[in-house]
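Biologist: Before we go through this protein together, could you put the sequence and the model on the screen?

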Amino acid sequence: MNYLREFFDFLRSHAAEVMHQTFEHLWLTLVSLSLSVMVGIGLGILMVRYRRIAKPILTFVNAVQTVPSIALLGFLLPLLGIGTIPAITALFLYGLLPIVRNTYTGMLEVDPHTVEAAYGMGLTDRQVLSKVSLPLAMPVIFAGIRTAFVVNVGVATLCALIAAGGLGTFIFRGLTTNNSYMMLAGALPAALIALVFDVILSVLQRHIIRLFRPLLLGLFTLGLLLGSYYLFLPDGAPAFRAGFPSEFIERGDGYIGLRDAYGLELEVVEMEIGLMYQALKNEKVDVISGFSTDGRIGAYDLKVLEDDRRYFPPYHAAPLIRGQLLRQYPELKAVFEDLHNAISDEEMARLNYRVDHDGLDAKDAALEFLKGKGFATGQQREGKADIVIGSKNFTENFILAELFKAIIENGTTLTVELKLGFGGTKLIFDALNNGDIDLYPEYTGTGLLVILQPDAEQREDVAYSKTAVLEYVSENFKSRYDIVWLPEMGFNNTFALMMRRSQADSLGISSISDMNNYLIEQASQ
């Protein structure tokens, strides 16, 4: 009952945001669906008339469905930028398959004797299409439209990762900030949209023969109007725009506190981390939040802005392991002590660069580093795993997970399995706490501010001291979760703001204060 009450309290306090995101989500879905209907039915009709083009068209729309949503959004970003236009384009492409296939199938299944009789009565090709073939095929076509709508409601949540808004905004913020109420506030309205509209469309489908002309005309008209609007939509991008991931926007040590510390007033768009770097590289945003050891800094020739007011706290990396596993295999402690302070900031940045820029596999980068430090790397076991290591979904965590695997298998008789690419702190920590994984690389600042979430007074006491943060998280993780922080590895992967070097140099920006002064100057002009 407390959980429900707290959830409804959250909904009341965020009612305006939930409503806004719901309308954004519905808008994205309806616009893309209208375009999919207009193009999909047209293609289906052409495929029936010109059978030779049916196979290549079906191959194309099937191929689009096999492309992961994030990959498609990443492909569209350099071409169409960020925001609504690439989101609607992606949803339009995903909506094509069920509509094209059902239009083609439905029209082929129309009784040929009925069509022949229509021609015998003197009807023209256009009249046969509009008065016979399409009306009889419409129940099948409409089933495809229903499928496309439900699919697009789900896929539209991912559009939040390229600053298109919608209910995915709350979902991804909740995942990255360990906020279940925020996740539900995004997921439940999305599910309700799908259910309610599916019921509405099912009612319409029962009367589709009688209603098909006004419905079809309405969908085509809406598709034309909205397609024209977005085709000629002026670029209203601000002169200076920031791209931040959900976690950075919501965290107390992220943009909220940064804005207060520096007096920043940025135009912020919410993006997935990998797409965020790509957007900066392709000049779709001007500043992003990143990590101080990220290899893409060198790969994309970015400039890290000096945190001249010392706002960002330390984020020292360390293995996080279940206490029960450490008691079962006490030899693991000695293995990881060899990694204590073994990796400097510069070495971690170089490893990330080797993967992000040089294209080296994360495993090979980890083994290359260990060999250079004199660690044994020859043993690689197969078979049933004694230990499962996880990682978050970015390069550095991939490298560290591979490094952990190598030192365990070469320093003990244990076999390791990797489960890489968890989509956020909450997901991977819950997996560790539930015993689905045994170990993963984490950062002390994240453990403090995302998982433990101390009050303001406690946070102020420890947040800027490396030793105090480690002592605080070690004590509280052990007592609350029976999870142990092993020795830190040496490097500090703290947050940083970064710009394209060419732009920063041309504007004379080298620190966050410089950027803020530039923004104030621009606003006053």
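Modeller: This is a predicted model, and in it the protein exposes about 23600 Å², of which carbon and sulfur atoms supply 56%.

Biologist: What share of the residues of the protein count as buried?

Modeller: A residue is taken as buried when its relative accessible area is under 20%. Applied to the 525 residues of the protein, that criterion gives a buried share of 52%.

Biologist: How many helices and how many strands does the protein have?

Modeller: The C-alpha atoms fill a box of roughly 90 × 65 × 55 Å along the principal axes. As for secondary structure, the protein has 25 helices and ten strands.

Biologist: How far apart do the centres of the positive and negative side chains lie?

Modeller: The two sets comprise 43 positive and 57 negative side chains. Between their centres, the separation is 9 Å.

Biologist: Is Arg-500 buried or exposed?

Modeller: Arg-500 belongs to strand β10, which covers residues 495–500. Its relative accessible area is 10%, and because the limit for burial is under 20%, Arg-500 counts as buried.

Biologist: Which residue has its backbone oxygen 2.8 Å from a polar atom of the Arg-500 side chain?

Modeller: Leaving aside residues up to four places away in sequence, Arg-500 touches Lys-281, Glu-283, Val-285, Asp-286, Asp-301 and Leu-302, as well as Leu-280. The backbone oxygen lying 2.8 Å from a polar atom of the arginine side chain is that of Leu-280.

Notes: Residues numbered from 1 in each chain as written. Predicted model: local features only at pLDDT ≥ 70, side-chain atom pairs only at ≥ 80, totals over all residues. Heavy atoms only, no water. Helix = DSSP H or I, 4+ residues; strand = E, 2+ residues; numbered from the N terminus. Buried < 20%, exposed > 50% of the residue type's maximum accessible area, 1.4 Å probe, protein only. Polar contact = N/O pair within 3.5 Å; in protein donor to acceptor, adjacent residues only side chain to side chain. Contact = heavy atoms within 4.5 Å. Areas by Shrake-Rupley, 256 points an atom, 1.4 Å probe, with all protein chains shown as cover. Lys, Arg positive; Asp, Glu negative; His and termini not counted. Charge placed at Lys NZ, Arg CZ, Asp CG, Glu CD.
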